[in-house]
Each structure stands twice: as C-alpha cells, then as structure tokens.
Amino acid sequence: LTKRTPLIAGNWKMNLDHLQAVAFVQKLHWALKDAKHEFDTVDVSVFPPFTDLRSVQTLIDADKIPFGLGAQDLSVHDSGAYTGEVSGAFLKRLDVASVIIGHSERREYHSEGDDVVAAKTKAALKHGLVPVICVGETAEDLETHGASAVPVGQLETALDGVASSAEIVVAYEPVWAIGSGQAATPEQAQEVCAKLRQVVAAKLGDDAAARTRVLYGGSVKAANIASFMRQPDVDGALVGGASLLVDEFAAIVRFQK
Ligand code: PEP
C-alpha cells in the first residue's frame, strides 16, 4: 500500500501584496512553530500572486520555513511575445515547486477550456513544476450530469499525453462549493475523488494512481477538514478563503484524523 503524504494547499487568489505576504507567512510559520510533528506528516504549500513570489521565496529560504511555494497560473509558452504572461521557466528559477492549473475562476473569467488546461499541464511538467490540476462541476452540471461526469472528463483531457512517471496533484473542487460556505459532504468528495483516481489509473497506470494526491477543495475550514481527511481517496485540501486566516489555516494543517 502506497502511503500518500497529505497536502494542505493555500490558494490566496488575488489577495495580499508582497509586504502583506511576508508578514502573513511569518505569522503562519510562528503559529505552526510547535507543529514539528505535523510537518513530518503533512506537506503545506502556499500559492501567492506572482508579484509576491520572490519575496516569499526569499523568506522561506532565509528562515528555512517548511512551506512549499506554488504559483496560481503559468503560460503555455516558454518565452517570447506574450505580453502579460509568466513562463514556467521563470517560476522554476524562483524555486516555485507547483502551479495551480484550471482553477474554476480561470475557466470562468479567462475562458480557459480543457485544451488550455491540458497545454498548461504539459508546460508545467516540462519545466519541472508539479501541476495542481483543478476539476469540478458547476451547480448546473451537478443537476444534469451528477457530480462526477464533468470532473472526470476534465481530468481525462488534462492528462492526455502525460507520462506515467509524472508527478501531478489533482484537486476536486465543485464550483458550487467554492467560496460559498457550502462544502460538499465528505461522502460526495470521496465518491468523486475515487473516480478521479480511477482516471489517473486509466491514463497513467496503477502506480501513478496509488501515489498521486487527490485533494478536495470548496469551503474547507478547520471545522470540516478532519471529516474530509478521513476519506480514503482524499489526500488533502485546496483551501481558498480560510488560507488567508492565520489561525484557521494553521488549525487546518493540524487536522486530526
Ligand atoms: C478555491 O478557490 O480553490 C477554494 C477552495 O476556495 P474556498 O476555500 O474559499 O471555497
């Protein structure tokens, strides 16, 4: 049986400028200072805006803070005439380890379809970044197709042509649960996360499915994290709103199984 280290990932979205980010990471580190044991058993990553990455990377490096650093998006291109875009190569140079791809806010407000998500997944892997591939159904999808059909289809497309050895993270984020205060039930999350793991098995093989972390995201907070973590196919959480509250996020990291 492969043991998967739980991952608690904080998606800050467009919040905290670089000065606020440094203060926040210092406070979060302090809040988790006595959590040595947790850090042996849980991975913690923060996903600040692009303009914060250099400052947060410097702080993490200088103070040996055990947080992984992630970005919220990347370009499908390596470099060139693409105004406003940020290359995976540049992120890698900043010690960024992972990158969120296909968040529902990018799909909705920036018209990113499954083809773009697939291209960004490949761009991340090409530059040695772990893609955190977000999938999830809208309230309307849920009504017409049930919970799993849309996320399963989204993940199948994202994994087209990905090598079986690739390290990826999958995040199941029902769109209706994001920022709504209405989380999925742990049973719903388990059901879809198990199906997403089957997609990883079908596309990348059983070994990849056994080692790939599948996260749940959508109104996760300290009060409900343990119920998700008890599910066998939920390996952690992608946290939005609660990742901006030091004590709340620290309590999520300290979830009790
Ligand atoms: C998210 O945006 O990835 C998210 C899960 O947000 P929230 O935790 O605020 O629902």
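This is a short talk on one predicted model, going from its annotated sites to its ligand shell, its core and one of its helices.

Because the model is predicted, local features are taken only where pLDDT is at least 70 and side-chain atom pairs count only at pLDDT 80 or more, while totals for chains, interfaces and linings use all residues. Residues are numbered from 1 along each chain as its sequence is written.

Let me start with the active site, for which UniProt, in an unreviewed entry, lists His103 and Glu173; positions from that record are in the numbering used here, feature names are shortened, and annotations may be inferred rather than shown by experiment. The two residues are spread over 71 residues of sequence, yet they cluster in space, with a largest C-alpha distance of 8.4 Å. His103 sits in the loop between strand E4 (98-101) and helix H5 (104-109), and Glu173 in the loop between E6 and H9, where helices (H or I, at least four residues) and strands (E, at least two) are DSSP runs numbered from the N terminus. His103 counts as buried because it has 27 C-beta neighbours inside 10 Å, and Glu173 is buried with 27 such neighbours inside 10 Å; the term means 20 or more other C-beta atoms within 10 Å of a residue's own, with 12 or fewer making it exposed, anything in between partly exposed, and C-beta atoms placed from the backbone. Beyond its neighbours within four places in sequence, Glu173 is in contact with residues including Ser104, Cys134, Ile178 and Gly217, a contact being two C-beta atoms, placed from the backbone, within 7 Å.

The same unreviewed entry in UniProt gives Asn11, Trp12, Lys13, Gly179, Ser219, Gly240 and Gly241 under "binding site". Here too the residues cluster in space, the largest C-alpha distance being 14.1 Å although they are spread over 231 residues of sequence. Asn11 belongs to strand E1 (residues 7-11) and is buried, with 26 other C-beta atoms within 10 Å. Gly240 is in the loop between strand E8 (236-239) and helix H12 (246-253), and is buried with 23. Leaving aside neighbours within four places in sequence, Gly240 is in contact with Asn11, Lys13, Ile178 and Gly179.

Turning to the ligand, 13 residues surround it, of which Ile178, Gly179, Gly217, Gly240 and Gly241 come nearest; to be near, a residue needs its C-beta atom, placed from the backbone, within 6 Å. That shell divides into 5 nonpolar, 7 polar and 1 charged, with Ala, Val, Leu, Ile, Met, Phe, Trp, Tyr, Cys and Pro counted as nonpolar, Asp, Glu, Lys and Arg as charged, and the others, Gly among them, as polar.

Next, the interior. The largest nonpolar core has 75 residues, and Val132, Ile133, Val170, Tyr172 and Leu215 have the most contacts inside it; such a core is a set of buried Ala, Val, Leu, Ile, Met, Phe, Trp, Tyr and Cys residues joined through C-beta atoms within 7 Å. H9 gives the most to this core, with 6 residues.

Finally, helix H8 (residues 149-158) has Val150, Pro151, Gln154, Leu155 and Ala158 as its buried residues. Seen down the axis of H8, these fall within an arc of 130 degrees, so they line one face of the helix, the arc being that of the directions from the helix axis to the C-beta atoms. Their cover includes helix H6 (114-126), strand E5 (130-135), helix H7 (139-145), strand E6 (169-172) and helix H9 (186-204).
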